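Student: I have a new structure to learn. Can you take me through the reasoning behind the words people use for it?

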Amino acid sequence: MKQHKIVLLLLVFLFALGAQAQRKGSTQFDIQLNAGLPVGSLKNAVSDHSLRGIKASVLYAVDDQLAIGLGTGFQDFYQKYPRQLYKLSDGSDMSAVRSFSIQVIPILAEAKWNFSPDAAVRPYAALGLGGNLINYNDYVGEFSLDQKTKIGFAARPDLGVYIPFRKGGESGMTVGASFNFMPFTAGDVTNLNHVGIHAGFSLPLRK
Amino acid sequence: MCMKRMIAWIPLTVAALVTVSSCTKDPIKNLSDEESRLYITNRDSSANFASYKTYSIADSVAVIENNSFSGDQATAADQQALAAVRAALESRGYVRVGRNQSPDLGVNVSRLYNTTTNVVDLNNYWNDYGGYYDPYYWGYGGYGYGYPSAYGLVQSTEAMLSVDILDLKNAPVSRTIRVIWNGLIRGSGVFGSDAMTSGIQALFAQSPYLKTVQ
């Protein structure tokens with residue numbers, strides 16, 4: 001909880017740094033807290049949602065509607081299962097508490113389309129394509145059963161709205177949802193796909 | 001936007017990312033000692049456990065360090081472990097007899113310490129030392145221990161408790177002392193007296209086939 005307060009204070013401070021209109025040629029920085037909801041085979045390892053995530057991007061406005069740049073993020077998935085009996089390939093029976101710990105860090109080339117650049121509430125659609133740093137850990141008790149660190153592919157379509165704090169202002173709040181497409185194979189997991197629900201701030205970086 | 005503002009963004013962004021990434025849940029720290037433990041059992045699939053009626057067990061525990069026998073001990077915790085094994089076997093119908101009374105089964109309880117990250121080769125350690133549980137102990141001098149395959153389960157840098165049940169009944173015919181069942185406890189605090197007792201109970205609980213009728 002203390003760490004969340006620190007992040008919030010940082011974001012408030014960042015917001016205080018700028019309040020200028022963004023138009024063609026400006027650069028905008030988005031930073032948002034992200035909740036990850038596993039879908040697909042990721043649920044074979046982790047079915048619990050994760051509030052331990054962040055989403056960020058730096059986008060340059062090509063014109064009033066289109067912005068391009070870089071996107072990144074971080075999401076931590078964790079789940080511990082109650083003790084149960086597993087049959088091993090050699091015929092042994094193993095009773096263990098199994099836990100999964102998975103972190104993803106996408107690094108994406110991103111494009112964002114603002115549908116209504118001058119509206120009070122500005123819907124947008126964005127798409128990021130690029131790489132994904134993956135750290136995957138499967139534990140039985142305190143022992144590592146499987147550990148993988150890989151770079152994979154990631155795609156992140158994103159829909160949301162940007163709400164400026166004042167009319168014409170380029171500092172505001174962004175709320176949206178993304179789908180994180182992340183192929184990856186380990187055990188019963190064939191992807192780390194998850195839906196992201198995000199909320200945070202958008203601020204002008206350079207004009 | 002001025003350069004000063006841009007420079008301010010960098011450490012703040014890094015700080016925000018580091019702060020959020022530090023929220024990562026550590027899977028090991030989120031385990032209690034009990035949750036950290038593995039209870040692993042294996043059996044000789046050809047063994048008919050109902051065909052054995054009696055067993056014998058030593059009154060001390062073998063201590064094996066880095067695959068070498070280093071002595072036998074009978075601490076209070078060891079005695080609790082032995083008592084837990086006896087109670088479990090008797091609850092499954094086996095009758096305890098002296099080792100000179102031709103027991104069908106022999107039971108070895110061992111504390112294993114490995115200070116290196118090697119796969120534990122249980123095939124070797126029974127054959128390598130000449131100590132308390134030398135085959136002579138069971139009256140079959142010169143015989144080797146026949147271990148079921150694939151017991152080098154996982155790497156280890158710590159301590160384990162092992163319980164082995166040996167087929168003495170058929171040793172004269174097979175000319176080997178077959179280990180027909182093994183239970184292994186690994187994880188944090190395995191040698192605590194409560195942990196040994198509850199661990200041994202867990203090993204037997206997941207081996208319902210290990211029983212006989214008198």
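Tutor: We will go through some residues, a helix and some hollow spaces, asking what justifies each label. Keep in mind that this is a predicted model.

Student: Start with G160(A). Why is G160(A) called buried or exposed?

Tutor: Set the value against the cut-off. Buried means under 20% relative accessible area. G160(A) has 13% relative accessibility, so it counts as buried.

Student: Where does G160(A) lie, and what does it touch?

Tutor: G160(A) lies in strand β6 of chain A. Leaving out residues up to four places away in sequence, it touches R122(A), P123(A), Y124(A), V175(A) and G176(A). Take Y124(A): it is 36 residues from G160(A) along the chain, yet their C-alpha atoms are separated by 5.5 Å.

Student: Now chain B. What makes N66(B) partly exposed?

Tutor: Partly exposed is the range between under 20% and over 50%. N66(B) has 36% relative accessibility, so it counts as partly exposed. N66(B) sits in the loop between β3 and β4 of chain B. Its phi is positive, near 50°, and it is not a glycine.

Student: Why does R175(B) get the label it has for accessibility?

Tutor: Exposed means over 50%. R175(B) is at 57% relative accessibility, so it counts as exposed. R175(B) is in the loop between α5 (171–174) and β11 (176–186) of chain B. It too is not a glycine, and its phi is positive, about 55°.

Student: How do you know that the length of α3(B) fits a helix?

Tutor: Compare the expected span with the model. Helix α3 of chain B has 16 residues, 76–91. At 1.5 Å a residue they should span 22 Å, and the end C-alpha atoms are 22 Å apart, so the two agree.

Student: Which residues of α3(B) are buried?

Tutor: They are A77(B), D78(B), A81(B), L82(B), A84(B), V85(B), A88(B) and L89(B).

Student: What makes you say that they line one face?

Tutor: Look down the axis of α3(B). The buried residues fall within an arc of 155°, so they line one face of the helix. Here is the general background: an α-helix has 3.6 residues a turn, so residues three or four places apart point the same way.

Student: What lies on either side of α3(B)?

Tutor: Its buried residues pack against β2 (54–57), β3 (61–65), β4 (68–73), β6 (105–113), β10 (159–167) and α6 (193–205) of chain B. The face turned away from the buried side carries the exposed residues A76(B) and S91(B). After α3(B) comes G93(B), with a positive phi near 100°.

Student: On to the hollow spaces. What is known about the largest pocket?

Tutor: Its volume is about 180 Å³. It is lined by 14 residues, and N44(A), R98(A), F100(A), D138(A) and D188(A) lie nearest its centre. The lining has 7 nonpolar, 3 polar and 4 charged residues. The largest share, 3 residues, comes from β3(A).

Student: How many cavities are there, and what lines the second largest cavity?

Tutor: The structure holds 4 cavities of 30 Å³ or more. The second largest cavity has a volume of about 80 Å³. It is lined by 13 residues, including N34(A), I54(A), Q75(A), R156(A) and N180(A), which lie nearest its centre. Its lining divides into 5 nonpolar, 6 polar and 2 charged residues.

Notes
Residues are numbered from 1 along each chain as its sequence is written. Chains are lettered from A and ligands numbered from 1 in the order in which they are written. This is a predicted model: local features need pLDDT of at least 70, side-chain atom pairs count only at pLDDT 80 or more; totals for chains, interfaces and linings use all residues. Side-chain values use heavy atoms; hydrogens and water are left out. On a 1 Å grid over the protein atoms alone, a cavity is a set of points where a 1.4 Å probe fits but cannot get out, and a pocket is an open set with protein on both sides within 12 Å along at least five of seven lines; lining residues have an atom within 4 Å of a point. Grid points are joined across faces, edges and corners, and a volume is the space filled by probe spheres set on the points. Helices (H or I, at least four residues) and strands (E, at least two) are DSSP runs, numbered from the N terminus. Ala, Val, Leu, Ile, Met, Phe, Trp, Tyr, Cys and Pro count as nonpolar, Asp, Glu, Lys and Arg as charged, and the others, Gly among them, as polar. The expected span of a helix is 1.5 Å times one less than its number of residues. Buried means under 20% relative accessible area, exposed over 50%, partly exposed in between (1.4 Å probe, protein chains only). The arc is that of the directions from the helix axis to the C-beta atoms. Contact means heavy atoms within 4.5 Å.
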